Amino acid sequence: SVSAESMAPSLDKDYVKVVIPKSDAQRKRLEEAIHANFLFKALDEEQFTDVLNALAEKRVTAGEEVIRQGAVGDFFYVVEEGALDVYVSRGGQPAVKVFDYGPNGSFGELALMYNAPRAATVVATQDSVLWALDRVTFRRILMENTSRKRRMYESFLEEVPLLVSLEPYERHKIADALESVTYNDGEVVIRQGDVGDAFYIIEAGEARVTQTDENGIEHEMPGLKKGDYFGELALLTDQPRKATISAKGRLKCATLGKKAFVRLLGPVVDIIKRNAGNYATISEKVELH
Ligand code: 1OR
């Protein structure tokens, strides 16, 4: 349980590392649960071990409240198994459901990062297995990466036309999941006919768009610039890439994997679909369901 923590002395005198004893089976499950979570990706080996040691298993039953809006933040949570709903009440209005989490999701970072009261209530809708990370370890190890990324992408994402309608918190989550990739002049980012697994927003530079028709003739389509996005079609339709996108000069893109795209861009999927209807494809009109 979360309260059964032991403290092991560390070399740094300013803090003691939290070490919650775990069985081999628990350790294995935990590694799988956090493996897919972006927050743990940038950690070096020692940080990873420290986080693994500090995480505490917490089992909750359906209906149980894990976090209450307005409360003081104590833990950050990663979901191994189960499902939880998020409710927000604003201006004394009844709480409305704003989000939900499943396996590999994580929550409870806001209060710890900003020393603010809990911004939402999180309730288990199924019996769930969570891993809880104490505030001190979260701030010491995970916060640095998270806030750096949020700062890095914040002003850029505010100016991406597609994302203006989102809540700031929704943009934070996108920033957390983005990775930057750079291409040299002429390098191909996505190739017509390939299976799509990522979505791209142009951070800097320009991209060339070409489409090859059934006779093998290549057509140049309107190019893309900073703030434009591409790669969404294959993710929405599960069809092969409809065009080739390549760097025109040096190109920097922020990319989102397919899973994160589906999860985080849900609120703007209708806008994406509407925009996609405007594509002038040479061979066929894009079919969206
Ligand atoms: P926390 O420490 O404030 C509640 O505790 C957690 O719920 C919060 O961290 C987030 O991890 C999570 N707004 C605020 N918090 C949210 C939201 C949210 N969704 C999940 N949490 N939304 C904005 C609603 C106007 C929903 C965005 C999709």
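Helix H3 (109-114) contributes three residues to the shell around the ligand, the most of any element. This shell belongs to a predicted model, and 18 residues make it up in total. The closest of these residues are Phe107, Leu110, Ala111, Ala119 and Ala120. The elements that give two or more residues to the shell are strand E6, strand E7, helix H3 and helix H5. Sorted by class, the shell holds 12 nonpolar residues, two polar residues and four charged residues.

**The chain and its domains**

Where does the ligand lie with respect to domain 1 and domain 2? Domain 1 (14-143) and domain 2 (159-276) both give residues to the shell, so the ligand lies between them. These two domains come from the domain assignment of the chain, and their C-alpha centres are 31 Å apart.

The chain has eight helices and 16 strands. Its C-alpha atoms fill a box of roughly 70 × 45 × 35 Å along the principal axes. Of the 289 residues in the chain, 28% are buried. Among contacts with a separation of 6 or more, 74% join residues that are 24 or more positions apart.

**The sheet that includes E6 and E7**

Two of the elements that serve the ligand shell, E6 and E7, also belong to an open sheet of four strands. The order in this sheet is E4-E9-E6-E7, and the pairing is antiparallel. Strand E4 (65-67) and strand E7 (96-101) stand at the edges with a single partner strand each, so one side of each has no neighbour in the sheet. From one strand to the next, the twist averages 30°. Within the pair formed by E6 (residues 84-88) and E7, five bridges are present, and Tyr87 has Lys97 in E7 as its bridge partner.

**Strand E10 and its partners**

Strand E10 (residues 128-134) is mostly covered, with five of its seven residues buried. Strand E3 (residues 56-60) pairs with E10 in the antiparallel sense, and strand E5 (residues 75-81) also pairs with E10 in that sense. The table sets out these pairings together with the pairing of E6 and E7.

| Strand pair | Sense | Bridges | Residues opposite or partnered |
|---|---|---|---|
| E3 and E10 | antiparallel | five bridges | Glu57 and Trp131 |
| E5 and E10 | antiparallel | six bridges | Val79 and Leu130 |
| E6 and E7 | antiparallel | five bridges | Tyr87 and Lys97 |

As a general point, the side chains in a regular strand alternate between the two faces of the sheet.

**Helix H5**

Helix H5 (residues 168-177), one of the elements that give two or more residues to the ligand shell, also has buried residues. Which residues of H5 are buried? They are Arg171, His172, Ile174, Ala175 and Ala177. The buried residues of H5 pack against helix H4 (135-158), strand E16 (244-257) and helix H7 (258-264).

**Residue His35**

His35 lies in helix H1 (residues 24-35). Is His35 buried or exposed? His35 has 10 C-beta neighbours inside 10 Å and therefore counts as exposed, since the limit for an exposed residue is 12 or fewer. His35 and Asn104 are 69 residues apart in sequence, and their C-alpha atoms are 8.4 Å apart in space.

Notes. Residues numbered from 1 in each chain as written. Predicted model: local features only at pLDDT ≥ 70, side-chain atom pairs only at ≥ 80, totals over all residues. Buried ≥ 20, exposed ≤ 12 C-beta atoms within 10 Å, placed from the backbone. Contact = placed C-beta atoms within 7 Å. Pairing = 2+ DSSP bridges. Axes fitted to C-alpha atoms, helices over the stretch in contact; angles between N-to-C directions. Near = placed C-beta within 6 Å. Nonpolar A, V, L, I, M, F, W, Y, C, P; charged D, E, K, R; others polar. Domains from an automatic or database assignment.
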